[in-house]
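Hi,

Here is the structure I promised to pass on. Have a look at it first, and my notes on the aromatic rings follow underneath.

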Amino acid sequence: MNPNEEQIWRSIQKKEGAAFEHYYKEHYKFFFLAACSYLRDPRLAQEIVNDVFIKLWEDAGTISIQSSLRSYIYRAVVNRSLNELDKRKKERQHQSELSHR
């Protein structure tokens, strides 16, 4: 992690809301667009990005980030997006099975 990111991460871990809010506002669009590229649903992308940031805030004291903060959040957003796609696929398959009975 570069020194600037490390300082921001330490501030977030200390529950410094201003640092968290600044990071969120500065990087939200990047993460939102990443989620949209998978989901093709802006509302759901927004929800996922917000959920990732909320979880980051809540669990900051127990999270160990080995790479960069941005990479960590990006990976979390992508994973949540892929999980959502998988969940939707399973729901569609289930609905299809029910309709063929």
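Let's start with F31: its relative accessible area is 0%, so this residue is buried. Keep in mind that what you have here is a predicted model. F30, with a relative accessible area of 34%, is partly exposed.

On to how the rings pair up. With centres within 6.5 Å as the cut-off for a pair, the count is eight aromatic pairs. Take F20 and W57: their ring centres are 4.9 Å apart and the planes meet at 50°, so this pair is tilted. It also bridges two helices, because F20 belongs to helix 2 (residues 17–39) while W57 belongs to helix 3 (residues 42–59); the pair ties together parts that are 37 residues apart in sequence. As for accessibility, F20 comes out at 15% and is buried, whereas W57 comes out at 25% and is partly exposed.

Back to F30 and F31, which make an aromatic pair too. Theirs is edge-to-face, with 5.2 Å from centre to centre and 70° between the planes.

If you want to see how these residues join up, look at the cluster that ring pairs build: F20, Y24, Y28, F30, F31, F32, F53, W57 and Y74 are linked in it.

Two charged side chains are worth a look as well. K15 has its charged end over the ring of W57, 4.7 Å from the ring's centre. R70 does this with F30: its charged end sits over that ring, 3.6 Å from the centre.

Cheers

How values were computed
Residues numbered from 1 in each chain as written. Predicted model: local features only at pLDDT ≥ 70, side-chain atom pairs only at ≥ 80, totals over all residues. Heavy atoms only, no water. Phe/Tyr/Trp six-rings, centres within 6.5 Å; stacked < 30°, edge-to-face > 60°. Helix = DSSP H or I, 4+ residues; strand = E, 2+ residues; numbered from the N terminus. Buried < 20%, exposed > 50% of the residue type's maximum accessible area, 1.4 Å probe, protein only. Lys NZ or Arg CZ within 6 Å of the ring centre and 35° of its normal.
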